[in-house]
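Reader: I would like a close look at one part of this protein, the disulfide and the parts around it. Please take it slowly and explain the terms as you go.

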Amino acid sequence: MTRRRGQLVLLAAAVVVTALVPMLLAYAQLGYAGDAASTPDARTTLTDAERSLERSVGDATTALSNRTDGGRHALLADLVVDRLAPARERIESSGTDRGHAVAVVRNTTAATRWAERACPRGEAREFGDCVVTDGVVTQTRADTTALVAVAVDVRVRGPDGTAETTLVIRGVRGTVGVSARSTPE
């Protein structure tokens, strides 16, 4: 009786081990590497980039208002790109002390979508249509061309993965559109 019971216990243990091995293999293959955007360094870098871009776009809006005639969208977009270049370079070099590579790229697709959906208009406004030039949204207002918004992609690549966000930053009210993605390494 004792010998049979011992064999039964041994057989049950073998069945349990056989069932656990595939579960352990599956667990090991699904290893969670963490969300790159949720790591404190990547999140800090993205937040710093957003704040810096908001300030820079706000400053560009103030500095470039009433400087171009109406319908000079390409000229204003070029002036905005030149004005934002130092901020972009500063943001891209800021991640190196944290071990991150940061890239800031204007996003024409996001700017176009935003302009189609949220371009300032209405009965009390005598504004022209929004025009998107290389990620910069401009609009004719009172016979001048005004900066409305800038859309950019910010990519932070670090040892834990890659975090990306798309920002639409209005010249007056800051960031109005954000979409974030992350890819663990």
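Author: What follows begins with the disulfide and then turns to the cores and to two loop residues.

This is a predicted model, in which local features need pLDDT of at least 70 and side-chain atom pairs count only at pLDDT 80 or more, while totals for chains, interfaces and linings use all residues. Residues are numbered from 1 along each chain as its sequence is written, and side-chain values use heavy atoms, with hydrogens and water left out.

The structure holds 1 disulfide, a term that stands for a pair of cysteine sulfur atoms within 2.5 Å. Its partners are cysteine 119 and cysteine 130, whose sulfur atoms lie 2.0 Å apart. The torsion about the S-S bond of this pair is about 90°, so the disulfide is right-handed. Cysteine 119 sits in the loop between α4 (108-118) and β2 (127-133), whereas cysteine 130 belongs to strand β2, so the bond ties together parts that are 11 residues apart in sequence. Helices (H or I, at least four residues) and strands (E, at least two) are DSSP runs, numbered from the N terminus. Both cysteine 119 and cysteine 130 are buried; buried means under 20% relative accessible area, exposed over 50%, and partly exposed in between, with a 1.4 Å probe and protein chains only.

As for the cores, a nonpolar core is a set of buried Ala, Val, Leu, Ile, Met, Phe, Trp, Tyr and Cys residues joined through side-chain atoms within 4.5 Å. The largest one has 22 residues, and Leu53, Val80, Leu147, Val150, Val152 and Val154 are those with the most contacts inside it. At least two residues of this core come from each of α2 (40-64), α3 (73-94), β1 (101-106), β4 (144-158) and β5 (161-170), and α2 gives the most, with 6 residues. Apart from this core lies another, of 11 residues, which includes Cys130 of the disulfide together with Ala110, Ala149 and Val168 among its members.

Following β2 onward, aspartate 134 lies in the loop between β2 and β3 (136-141). This aspartate has a positive phi of about 55° although it is not a glycine, and at 40% relative accessibility aspartate 134 counts as partly exposed. In the loop between β3 and β4 lies alanine 142, which likewise is not a glycine yet has a positive phi, of about 50°. Alanine 142 is exposed, with a relative accessible area of 72%. Most residues other than glycine have a negative phi.
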